[in-house]
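What follows is a walk through one protein model, from its overall make-up to a few individual residues. Please keep the sequence and the structure in view while reading.

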Amino acid sequence: MKKTLSLFASVIFLVSLYSSLPAQWANAPYHKIERYNINAPTGNKVLDAVNTQNNTNQSDDPRAVLTVLPNNNAVSGNGRAPQGSRLFVNTKYLVNGSEMTASGFSGAVSSVGFTWDPPAGSAQNISTTGHIKVFLKDTVAGATTIGGTFIDTTGAGGTKVIDGTFTIPATTTLFSVDIPVGGSGTSTFTPVAGHGVIVIFVYKTNTTLATPLGAPTVFCNNTIAGACLTYQSQSVNGSIGGSTAFRPETRFGNTAIEAISIGPIYALGKVAICPCPDTNVVRTNMFHLIARTDTVIINTTIKDAVSGSVKFAFQDTIFTSAIERWIITYVYPKGTSTKALDSIVSVGRTLSPEDVTANNRATYVKQSTLNKWNHALPNGVVDGGVGFTGSTGDFVAGFFTSCSLPICSVNMAFDAAAAGGSQPYNLKIYASSGDTMPGALLYTSPTLTSPPGGATAQRTSYMLPTPVTVGPGFFY
């Protein structure tokens with residue numbers, strides 16, 4: 001289940017103002033391109049670098065794979081998706097009409113996929129292979145519940161789209177498996193536009209069961225009560241399920257070729273820590289969605305939203321053959337006006353054919369005011385929650401500086417109930433090995449004690465005995 005967390009700390013870095021301006025800022029903006037495994041979802045999750053590929057998609061067919069039911073950072077150790085640690089898992093759940101419409105899915109379903117999040121709970125200790133049947137049923141547009149407790153394991157009234165085997169890997173990183181349609185007695189299923197889809201899967205592990213029970217942890221969406229039924233057993237098959245709000249993140253493939261998706265764009269506000277130059281940061285996400293060799297051209301334009309005049313225009317050429325996520329970061333000079341309204345547009349195109357191009361464009365409008373500084377990036381604990389429970393935990397806050405910078409002190413706010421206060425902790429400062437994870441350890445404080453807990457945030461400051469200098473880029 002989604003974790004319940006009791007302690008939250010927000011961190012603001014205060015810095016001294018006596019470093020020098022890097023020479024490169026006189027001529028060119030800061031520009032960085034990064035590649036990540038696409039299996040890492042959004043949220044406060046550490047992404048996997050592409051050079052440690054663990055992509056387990058089991059079909060390299062060039063087809064669009066769309067997430068028709070996204071997770072909302074909820075997870076479950078129960079059988080919402082197949083698990084190699086369970087002998088039988090039978091599940092029935094609803095993807096409602098608004099979710100299907102929001103996904104943009106159309107055409108015949110060519111694969112059905114699920115996503116697992118072992119870091120949030122546990123990974124299975126061995127790779128397993130099991131047999132799966134998947135049935136899809138049309139339902140009315142406004143349906144929000146499936147009712148009753150019966151899971152029609154024969155798929156009565158629906159269409160069997162998958163009847164075959166697939167493998168669940170033993171990995172401690174986030175992963176998805178997209179299972180191609182086909183097998184004995186299967187037929188084609190095309191969702192009705194605007195309608196919902198009921199998904200039923202019947203799963204049995206054929207190899208030695210993995211451990212621990214409930215592994216691997218499943219990524220879920222828990223926004224609709226009673227929208228899922230699950231039966232799980234280590235001994236006997238069954239069709240009477242327990243009702244839950246936890247539906248598995250679900251991906252449908254179709255036969256159209258979708259090579260890339262652009263967005264979202266993040267405009268992080270001004271990066272303005274004196275004596276660094278007064279700048280803006282824009283980050284664009286590009287997802288390469290098929291295992292095909294592609295050349296991708298991405299054009300990013302920053303315009304004055306009122307006059308339409310172009311302030312900056314950037315072009316990137318990306319060569320890729322993997323299913324992966326690219327993040328493009330630009331830091332560019334801030335204008336001299338007291339207020340600026342920027343229209344940011346990123347458009348991508350592939351040199352090879354692509355059928356689905358509607359999502360190859362992303363836009364963002366950002367207003368900034370001179371001398372209003374925002375240099376913090378979104379932050380969270382390593383496991384993706386907010387705060388932590390138990391006797392130990394790590395809270396990671398990421399920041400960015402456009403020049404070398406000495407850190408003199410750290411301000412923190414602890415939000416904890418009375419019983420959660422006065423706890424020992426250490427403050428650490430790290431350089432970066434990328435914008436998603438800490439790198440080299442630069443400083444560790446002696447053991448400190450958090451303020452007493454209470455109904456409101458308790459604030460405290462720590463002065464470093466000697467300033468710690470971080471280089472241009474991200475630090476933690």
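Proline 216 is a convenient place to begin: this residue is found in the loop between β11 and β12 (218-221). The coordinates come from a predicted model. The peptide bond that leads from alanine 215 into proline 216 is cis, and its omega is near -5°. A second cis peptide bond joins glycine 263 and proline 264, with omega about 5°. Here the setting is a strand, as proline 264 lies in β17 (residues 260-271). As background to both, most peptide bonds are trans.

With that entry point in hand, the overall make-up can be stated. The protein has 33 strands and 1 helix. Of its 476 residues, 52% are buried. The exposed surface of the protein comes to about 19,700 Å², and carbon and sulfur atoms supply 55% of that area. Contacts often span long stretches of sequence: among those between residues at least 6 apart, 80% join residues at least 24 apart.

One such stretch can be followed from serine 111, which is found in strand β6 (residues 111-116). Serine 111 has a relative accessible area of 0% and is therefore buried. Threonine 255 is 144 residues away from serine 111 in sequence, yet the two C-alpha atoms are 9.3 Å apart in space.

The next feature is a sheet. Seen in order, its strands are β10-β8-β7-β11-β5-β13-β14, which makes an open sheet of 7 strands with mixed pairing. The edges are held by β10 (182-183) and β14 (242-244); each has a single partner strand, so one side of each is left without a neighbour in the sheet.

Inside this order, β11 has β7 and β5 as its neighbours. Strand β11 covers residues 196-205, and 9 of its 10 residues are buried. Towards β7 (residues 128-139), β11 is joined by 10 bridges, and the two strands run antiparallel. One position in that pairing is aspartate 138, which stands opposite valine 197 in β11. Towards β5, the pairing is also antiparallel, and 8 bridges join β5 to β11. There, valine 89 has tyrosine 203 in β11 as its bridge partner.

Strand β5 (residues 88-95) also pairs with β13 (residues 228-233): 6 bridges join them, and they run antiparallel. Phenylalanine 88 stands opposite serine 233 in β13. In a regular strand, side chains alternate between the two faces of the sheet.

Away from this sheet, the loop between β27 (405-415) and β28 (424-425) is worth a look, since alanine 416 sits there. What is the relative accessibility of alanine 416? The value is 8%, so alanine 416 counts as buried, the cut-off for buried being under 20%. Glycine 454 is 38 residues from alanine 416 along the chain, and the C-alpha atoms of the two are separated by 6.3 Å.

Alanine 416 also takes part in enclosing a cavity. Rolling a probe the size of a water molecule over the atoms shows where empty space is left. The structure holds 1 cavity of 30 Å³ or more. The volume of the largest cavity is about 40 Å³. It is lined by 10 residues, of which Phe414, Ala416, Gly421, Pro451 and Gly453 are the closest to its centre. Sorted by class, the lining has 5 nonpolar and 5 polar residues and no charged ones.

The loop between β27 and β28 also contains serine 422. Serine 422 is not a glycine, but its phi is positive, about 55°. At 43% relative accessibility, serine 422 counts as partly exposed, whereas alanine 416 in that loop is buried.

Which other residue has a positive phi although it is not a glycine? Asparagine 73 does, with phi about 70°. Its place is in the loop between β3 (65-69) and β4 (74-76). Asparagine 73 is partly exposed, with a relative accessible area of 22%. For context, most residues other than glycine have a negative phi.

Note on methods:
Residues numbered from 1 in each chain as written. Heavy atoms only, no water. Helix = DSSP H or I, 4+ residues; strand = E, 2+ residues; numbered from the N terminus. Buried < 20%, exposed > 50% of the residue type's maximum accessible area, 1.4 Å probe, protein only. Pairing = 2+ DSSP bridges. 1 Å grid on protein atoms, 1.4 Å probe; cavity = no way out; pocket = protein on both sides within 12 Å on 5 of 7 lines; lining within 4 Å. Points joined across faces, edges and corners; volume = space filled by probe spheres on them. Nonpolar A, V, L, I, M, F, W, Y, C, P; charged D, E, K, R; others polar. Contact = heavy atoms within 4.5 Å. Areas by Shrake-Rupley, 256 points an atom, 1.4 Å probe, with all protein chains shown as cover.
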